[in-house]
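Trainee: I have a new fold to learn. Can we go through it piece by piece?

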Amino acid sequence: MARFSGATWRPIADNYTTGGQDAVYGVVIHIMDGTLAGTDSWFRNAVAQASSHFGTGRAGQLYQWVDTANRAWAQAGGNRTWLSVENEGRGGDALTSAQVDRCAEVLAWAHEAHGVPLQLASGPSGRGLGYHAMGGSAWGGHTSCPGSKVVAQLDDILAHAKSLVGGSSGGGASSYTVKSGDTLSGIGSKLGIKWQALADLNGVKSPYVIKPGQVLKTAKPVPTYQAFPGADWFKKGPKSAIVTAMGKRLVAEGCSAYSSGPGAQWTDADRESFRKWQRKLGNDAEFCDGWPGKKQWDALKVPRVS
């Protein structure tokens, strides 16, 4: 299936099932009850009988240990149909804002790469963003994983993921629902927006009081471009509207090697056209092989495919 270009690839030799990912219903959030370095080491121990597709550090590191074509061993009966994200921390901890961001990035990527719906999962047979304890005994009975504080952050992860793929609203400003204990400065820090801008946008005046349940408009722009589907995605010869949209942009940039089209099926003409784009960007020869990279893709500004 795929590797996420936004994660550091840290492949493990054991503790997963090759080709065992039967489906991708969604993304499951875990807490490590330990450190990122310790978990990385443990997953490399053949006696561990445990692994995860992804893992975050409290400072914002993001690792991928297992390709999503393969089944990680993170949530027992849920392994074959769910991707997993282990998060550095102890039981009872909340995720840091950086960890919330990384989990959102994984969810947004899973939406683009695997069609995971941007919604909270209703349970083990649902789809979307889930957490370990929701699987009950079938998922190992880990009722305290990831803990109530992390479960309360799932809405934030989901909202951020929607903003990354342009799905948090109908194309205008996105929104944020105030929770108990929230402040303008805290919300601004979480969303990467100056709190003064939030106040101005929502007409909040001194002493800047906000209330739980209040819906704030945010000034964070919604991306209008197609997220990078990953380098490996192209090498599998996809047939997709994304390929057509990319080809049209290449033609518009004067980088066409097409005798007809472009069309939905990835072909050698697409690769040669993208090679022309890489050269136009002035990339070194070693990065002009025709296979899209994230920075090259982002620079092309491919319109988002509905």
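Trainee: At about what angle does helix α4 run to β8?
Mentor: This is a predicted model: local features need pLDDT of at least 70, side-chain atom pairs 80 or more, while totals for chains, interfaces and linings use all residues. Residues count from 1 along each chain as its sequence is written, and side-chain values use heavy atoms, without hydrogens or water. Helix α4 spans residues 154-164 and lies across β3 and β8. Its angle to β8 (0 to 180 degrees, between N-to-C directions) is about 155°.

Trainee: Which strands are at the edges of the sheet?
Mentor: Take the strands (DSSP E runs of at least two residues; helices are H or I runs of at least four). Six of them form an open, mixed sheet, ordered β1-β5-β4-β7-β3-β8. An edge strand pairs (at least two DSSP bridges) on one side only, and the edge strands are β1 (8-9) and β8 (128-131).

Trainee: How is helix α8 oriented to α9?
Mentor: The axes of α8 (241-252) and α9 (268-280) come within 10 Å. They cross at roughly 45°. Angles under 35 degrees count as roughly parallel, over 145 as roughly antiparallel, 65 to 115 as roughly perpendicular, and the rest as oblique. So α8 to α9 is oblique.

Trainee: Which residues of α9 make the contact with α8?
Mentor: Contact means heavy atoms within 4.5 Å. From α8 come V243, M246 and L250. From α9 come D270, S273, F274 and W277.

Trainee: How far apart in space are S41 and I12, C-alpha to C-alpha?
Mentor: S41 sits in helix α1 (residues 36-43). In sequence, S41 and I12 are 29 residues apart. In space, C-alpha to C-alpha, they are apart by 9.6 Å.
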